[in-house]
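Hi,

Here is the structure I promised to pass on to you. Have a look first, and then read on for what turned up in it.

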Amino acid sequence: MKLPPRLPWLFLLLVLNAPVATASEGLTLGVSAYRPADVMVMQYQPLADYLSEKTGLDVRLEVLAQDDMNRALAANQLDLFLTNPSHFLVIRSERSVTGVLATVLRQSGATSTASLGGVIIARPQRDDINRLEDLDGRMIASPGVHFLGGYQSQLLELIEVGVDLRRRGRVKLLGTHDRVVRSVLAGDVDAGFIRTGILEQMSAENPRLRDQLKVLNAQNLSGFPYEVSTRLYPEWPLVALPHVDQARVRRIASALFALNSEDPAAQAAGIAGFAPPADYQSVELLARELRVAPYDRAPQLTWLDAFHQYRFWVIAVGLLLALLLASSVWLGRKKRQLATEQRRLRRLILSWPQPMLMIRDGRFFDFNRAAVELLRCPSDDFVMGKAVASFMPPLQPDGQASVARTDNVMERVRGGVVESGEWVFERADGSQLWADMTMAPIHEGGEQDNVILCALYDVTRRKQAEQRQRLAASVFEHAREAIFITDEHGMVIDVNGAYSSMIGYSRARAIGRLPPLPLEEGPGILHTARERGFWAGEFESKRADGKGLTLALTVSRVLDERDTLTHFVGIFSDISRLKEQENRLRTMAHYDALTQLPNRSLFADRLQQTMAQARRQDDHLAVAFIDLDHFKPVNDAFGHGAGDELLVEVASRMRATLREEDTLARLGGDEFAAIIVNVQDRANLENLLKRLLAEIAEPVWVADHMVEVSGSVGVTLYPQAVELDGDQLLRQADQAMYRAKQAGRNGYCLFDAGDTGA
């Protein structure tokens, strides 16, 4: 069946227009991720859904880091974007944008604001950081340099009090505000920069957070609902890209201004809605003051601009150059005339920079100044009439006598042969000279004898470099430390024998692979070596056969004459035995050799830490002093070996009875101590003590005999009405233990403040 002429074209238009119309109904909203991506999606997905519902358009949400947003904008993958004002200035400078549709209104309780600022936080324990001036030279955490509230606003405040972090500080860029807060809490940095509202949002999620941080340079701004350390700037702009149809822009703007604070979308995002576009001139002035993007580069000056601005000077310099050229031409003509007049002068010394000497009958009779300087002779007379071998040591490096070798060479040169080779000379001051000496026959008109031209070229530096290279190669191959050389990307190009022996890879297998670096830190190690010149540290690694070892590694960069990175050189040694010895010494210092329990020193340290934690968390703990009853008769009857077996078995039982978070230590002999944490009530504590006594009283098989011992336990609680230290708590428990012994043993007694010595 044949279709009418117009139907195919109509069908084609319908097919082509149908998908375009569908795709055009969708808009992509990019939101800058200043908090973790999952948090940002929870906050702004309801806003995208709200815009879709109100406008009838399919508004899709994309949460992007600033670099990802820049790439998405460059690829025209976004239609709308919401970001911080500093980032907006950068985007505006790089591409055309329609303009700001609206400015965000942040909501805090019953108060809303269209302004933001910066907050400077630190831990309350840092008594050395209370003012802006105290941040000089400190390590500061920031989400990024393009964050207005997370970097730029704080930087301006610090500069105005004389602290420029860009010169005397270290800024650690972490990407999000949440990472900045966590880094400050962990003590990885001295202080952190975050924007207003972040502290309040995270405090709502973690009520204890506010007590763990303090705000520096706090501003008391009436009507502003957030804690702030800096002056205020306009809030985030929501911007439409130029390719978005204006009808849709108006629909989006209408929906934004219709959003109120009670709407679920506004509550999820923590905003009160959107206000008309704010004036972002203050942000622009800030960027110009700090010379940050997009105002971090001076405008380019073209040659045409320079000519228009300095045209009189250019013309004057051009005239001077023309006069100079004319003078040069005139002087050149005069020099050629002088050269013609001096043609009969010595050819050897015609402005020739290379050392040259003339030899007749085996002795020097003419030479230039460069030769005198090369041989470091005090005057020309010191050279005149001397034999060539008189400036050489008795023997050359090849073992030949200098006199015999020079005679043989000159004999061949007199026969018309040009001879060239490397020789060792002794200068007049006694220093050694390596020279490439060329001898050639010359004959002038009227002369009956042969004259030899001797040219010297100093190769001392090259020979020294070759010697150093041979020495380096020898050291590389025979060093007991493992050495590897990589290219600029970190791939191995050569290793020595010690490398193969230590790692277990042959040279052929090692080349072309990465050297043994920590998996997580490998790129960081090479980056540090590239930036600072070297990296040194220790890490755990494995041989090719899977055997573990500990390596001490130093990686250094190698630069060429243009200071361009060409290679990395790594040297490492196996310190596994040293680490094992350190671990053994650490164990001997903090653990009992017989029972492997913590000793008195480690017990005291853990007690102080546990007491500090109890004070912070308003918790209770108990300290128990345990002494074994009837232990001495077992020791006397069956020997110290049996006593040791008994102590090991009883210690194992007590450790199994206590909880994992509790600490059991051996203080010495048959005395033990325990730290019992999270004591909720006295009944649970007494049940635990009863189980502990029951385990101690169980019979033990030692030295082919069944023996029984019991325990006397003294217990004290913390905190008490009066603040005590660890030693005082242990003495209280000791006193209570003696009361338990006096009460008949195999029991426990709680410390009473009325006891003697309490």
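Strand 26 and strand 27 (residues 671-676) run antiparallel to each other and are joined over five bridges; two strands count as paired if DSSP finds at least two bridges between them. Helices (H or I, at least four residues) and strands (E, at least two) are DSSP runs, numbered from the N terminus. Within this pair, Leu 664 has Ala 674 of strand 27 as its bridge partner.

A word on the source: this is a predicted model, where local features need pLDDT of at least 70, side-chain atom pairs count only at pLDDT 80 or more, and totals for chains, interfaces and linings use all residues. Residues are numbered from 1 along each chain as its sequence is written, and side-chain values use heavy atoms, with hydrogens and water left out.

Back to the strands. They belong to an open sheet of five strands in the order 26-27-25-30-31, with mixed pairing. Strand 26 (663-668) and strand 31 (747-750) are at the edges with a single partner strand each, so one side of each has no neighbour in the sheet. On average, neighbouring strands of this sheet are turned by 20° against each other, direction ignored. Axes here are lines fitted to C-alpha atoms, for helices over the stretch in contact, and angles run from 0 to 180 degrees between N-to-C directions.

Two helices pack on the sheet, where contact means heavy atoms within 4.5 Å. Helix 23 (residues 640-657) touches strand 25 (621-629), strand 26 and strand 27, and its direction makes about 155° with that of strand 26. Helix 25 (residues 726-742) touches strand 25, strand 26, strand 27, strand 30 (710-718) and strand 31, and its direction makes about 140° with that of strand 30.

Now for some backbone details. Most residues other than glycine have a negative phi, and most peptide bonds are trans. Pro 719, in the loop between strand 30 and helix 25, follows a cis peptide bond from Tyr 718, with omega near 5°. Gln 596 is not a glycine, yet has a positive phi of about 65°; its place is the loop between helix 20 (576-590) and helix 21 (600-617). Asp 618 has a positive phi of about 55°, again without being a glycine, and lies in the loop between helix 21 and strand 25. Asp 618 counts as exposed because its relative accessibility is 65% (buried is under 20% relative accessible area, exposed over 50%, partly exposed in between; 1.4 Å probe, protein chains only).

Enjoy exploring!
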